[in-house]
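Student: I have a chain open in my viewer and would like to understand the terms people use for its parts. Could we go through them together?

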Amino acid sequence: MPEETPPSDEADDTSTRDSLAARRGLDAPVYAPAEDSGLLAEAAVEHARGVTLEVGTGSGWVAEKVLSESDATRVLGSDVNPHATRRARDRGVEAMCADLLTPFREDALDTVLFNPPYLPTDPDNEWDDWQEAALSGGESGRELIEPFLDDLPRVLAPDGVALLLVSSLTGFADVVEYAVDAGFHAETVAEESYPFETLSILALRRRA
């Protein structure tokens, strides 16, 4: 699967983890851009400004687009996968190995982007490789979304925005409720439906 262009929707699969993972290259060490990447990139180019961080940057495909096409003044990428950060740096993205938002200072980020690992995964059927880190969201699909939302108020500037990709496989209403409880106003700014899932981009801003 080429990294430069997200693949088109050619699915007759079911919405199972195995069918999605097979389409997205289980044997690759870095997650390749797919429909979710394209949707996040489109929203990010429209909304990103100032210092922008893409959490879980993968190959850096989204961050590179933001760097070249948006009003962002600086674009950073973070990922737990060292293969991913090297790939992102090859695209000209300032990328570092990091766990979610841990290394970033208070109020340091004007825009935060996150396409989280969101496939609900049976603990007895995990892959135990880098693709699992990119795809698996634990049993609920929200294993990384919730700690991300817990820490987001610390690093997001008071007038900043976070763009979070949410899949229907994860439980859209559950994510919105968690974000609101964390102190955010949540607005859907982009959405696309496929035979196997609906993808939404939530714009999260601090409530006054």
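Tutor: Happily. From the N terminus on, the elements run α-α-β-α-β-α-β-β-α-α-β-α-β-β, which gives seven helices and seven strands. Do keep in mind that this is a predicted model.

Student: How are the seven strands arranged in the sheet?

Tutor: They form an open sheet in the order β3-β2-β1-β4-β5-β7-β6, with mixed pairing. From one strand to the next, the twist averages 20°.

Student: What makes β3 and β6 edge strands?

Tutor: Two strands pair if there are at least two bridges between them. β3 (94-97) and β6 each pair on one side only, and that makes them the edge strands.

Student: How do you know that β4 pairs with β1 and with β5?

Tutor: Count the bridges against the cut-off of at least two. Four bridges join β1 to β4, and these strands run parallel. β4 and β5 are joined by five bridges, also in the parallel sense. Look at Leu 113: its bridge partner in β5 is Leu 163, and Leu 113 is in turn the partner of Glu 54. Leu 109 stands opposite Leu 156 in β5.

Student: Why is β4 called largely enclosed?

Tutor: A residue counts as buried under 20% relative accessible area. Six of the six residues of β4 are buried, so the strand is largely enclosed by the rest of the structure. For the chain as a whole, 51% of the 208 residues count as buried.

Student: Which aromatic pairs does a search of the whole structure find, and how many?

Tutor: It finds two. In one of them, the ring centres of Phe 114 and Phe 148 are 4.7 Å apart and the planes stand at 45°.

Student: Why is the pair of Phe 114 and Phe 148 called tilted?

Tutor: First, the centres must lie within 6.5 Å, and 4.7 Å meets that. Planes under 30 degrees apart would be stacked and over 60 edge-to-face, with the rest tilted. An angle of 45° falls in between, so the pair is tilted. Phe 114 sits in strand β4 (residues 109-114) and Phe 148 in helix α6 (residues 145-155), so the pair ties together parts that are 34 residues apart in sequence. Both Phe 114 and Phe 148 are buried.

Student: And what makes the pair of Tyr 194 and Phe 196 stacked?

Tutor: Their centres are 5.7 Å apart and their planes at 15°. The angle is under 30 degrees, so the pair counts as stacked. Tyr 194 is buried, as is Phe 196.

Student: How do you know that the buried residues of α6 line one face of the helix?

Tutor: The buried residues are Ile 145, Phe 148, Leu 149, Leu 152 and Val 155. Looking down the axis of α6, they fall within an arc of 125°, so they line one face. Among the elements covering them are β1 (49-55), β4, β5 (156-167) and α7 (172-181).

Student: What does helix α4 touch as it packs on the sheet?

Tutor: Helix α4 (residues 82-90) touches β2 (71-79) and β3, and its direction makes about 170° with that of β3. As for α7, that helix lies across β5, β6 and β7, running at about 5° to β7.

Key
Residues are numbered from 1 along each chain as its sequence is written. This is a predicted model: local features need pLDDT of at least 70, side-chain atom pairs count only at pLDDT 80 or more; totals for chains, interfaces and linings use all residues. Side-chain values use heavy atoms; hydrogens and water are left out. Rings of Phe, Tyr and Trp (its six-membered ring) pair if their centres lie within 6.5 Å; planes under 30 degrees apart count as stacked, over 60 as edge-to-face and the rest as tilted. Helices (H or I, at least four residues) and strands (E, at least two) are DSSP runs, numbered from the N terminus. Buried means under 20% relative accessible area, exposed over 50%, partly exposed in between (1.4 Å probe, protein chains only). The arc is that of the directions from the helix axis to the C-beta atoms. Contact means heavy atoms within 4.5 Å. Axes are lines fitted to C-alpha atoms, for helices over the stretch in contact, and angles run from 0 to 180 degrees between N-to-C directions.
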